[in-house]
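Q: Please take a close look at one part of this structure, and begin from a single position. I would like a connected account that moves from that position to its surroundings and explains each term as it appears.

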Amino acid sequence: QVQLVESGGGLVQAGGSLRLSCAASGRTYSTPTMGWFRQAPGKEREFVAHITWTGDNIYYADSVKGRFTISRDITKSTIHLRMDSLKPEDTAVYYCAASKWGASGDAQVEYDYWGQGTHVTVSS
């Protein structure tokens, strides 16, 4: 089992920045890939970014590329999502996820464990 706990969400003005964190515990060695997803009210959950614990595979959705940065802290079993130049359309519940697969993509089905989510609201 792997447990994931997100934190760092809140209210921020457009153009501002926010950093989300996801603390992983349990058998983290069994999940080589970590990802971030988000879901806006009334919309489907969508992929944001993923990273491997080794740091050799990082991928971003086109909608956040150049604005968001995913990173990991191996010693703390924690991943982060630095969000800059935030837009109102970034408003959503952000979820952390972990995959047992060695090569995970942008599909929800590829992830095996999920956090409870943290709310991000960007005002204009």
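A: Helices (H or I, at least four residues) and strands (E, at least two) are DSSP runs, numbered from the N terminus. With that term in hand, the account can begin at valine 93, which is located in strand β9. The model is a predicted one, in which local features need pLDDT of at least 70 and side-chain atom pairs count only at pLDDT 80 or more, whereas totals for chains, interfaces and linings use all residues. Residues are numbered from 1 along each chain as its sequence is written, and side-chain values use heavy atoms, with hydrogens and water left out.

The relative accessible area of valine 93 is 14%, so this residue is classed as buried (under 20% relative accessible area; exposed is over 50% and partly exposed lies in between, with a 1.4 Å probe and protein chains only). Contact here means heavy atoms within 4.5 Å. When neighbours within four places in sequence are set aside, valine 93 touches Phe37, Arg38 and Gln39, and also Gly117, Thr118 and His119. A further relation is given by distance: valine 93 and valine 122 stand 29 residues apart in sequence, and their C-alpha atoms are 11 Å apart in space.

Aspartate 90 offers a useful companion to this starting point. Its place is in the loop between β8 and β9, and it is buried because its relative accessible area is 0%. Apart from neighbours within four places in sequence, aspartate 90 is in contact with Arg38, Arg67, Phe68, Ser85, Val120 and Val122. Arg38 is thus among the contacts of valine 93 and also among those of aspartate 90.

Phe37, one of the contacts of valine 93, leads to a group of rings. Rings of Phe, Tyr and Trp (its six-membered ring) pair if their centres lie within 6.5 Å; planes under 30 degrees apart count as stacked, over 60 as edge-to-face and the rest as tilted. Under this rule there are 5 aromatic pairs. One of them joins phenylalanine 37 and phenylalanine 47 in an edge-to-face arrangement, with 5.7 Å from centre to centre and 75 degrees between the planes. This pair connects distant parts of the chain, for phenylalanine 37 is in strand β4 (residues 33-39) and phenylalanine 47 is in strand β5 (residues 46-52), 10 residues apart. Phenylalanine 37 has 0% relative accessibility and therefore counts as buried; phenylalanine 47, at 8%, counts as buried too.

Phenylalanine 37 also pairs with tyrosine 111: the ring centres are 5.1 Å apart and the planes stand at 80 degrees, so this pair is edge-to-face. Here too distant parts of the chain are linked, since phenylalanine 37 belongs to strand β4, while tyrosine 111 is in the loop between β9 (92-99) and β10 (113-114), 74 residues away. Tyrosine 111 has a relative accessible area of 5% and is buried. Ring pairs connect Phe37, Phe47, Tyr59, Tyr111 and Trp114 as one cluster.

Strand β9 has a further link, which leads to another strand. A disulfide is a pair of cysteine sulfur atoms within 2.5 Å, and the count by this rule is 1. That disulfide joins cysteine 22 to cysteine 96, with the sulfur atoms 2.1 Å apart. Cysteine 22 is in strand β3 and cysteine 96 is in strand β9, so that distant parts of the chain, 74 residues apart, are linked. The torsion about this S-S bond is about -80 degrees, and the disulfide is therefore left-handed. Both cysteine 22 and cysteine 96 are buried.

Strand β3 in turn has its own partners. Two strands pair if DSSP finds at least two bridges between them. Strand β1 (residues 2-7) pairs with β3 in the antiparallel sense over 6 bridges, and cysteine 22 in β3 is the bridge partner of glutamate 6. Strand β3 is also joined by 6 bridges to strand β8 (residues 78-83), and these strands run antiparallel. In β8, leucine 81 is the bridge partner of leucine 20.

Serine 21 completes this view of strand β3 (residues 18-26), in which it lies. With a relative accessible area of 14%, serine 21 is buried. Neighbours within four places in sequence being left aside, its contacts are Val5, Glu6, Ser7, Trp36, Thr78, Ile79 and His80.

In brief, the path began at valine 93 in strand β9, passed through the ring cluster that includes Phe37, and reached strand β3 by way of the disulfide between cysteine 22 and cysteine 96.
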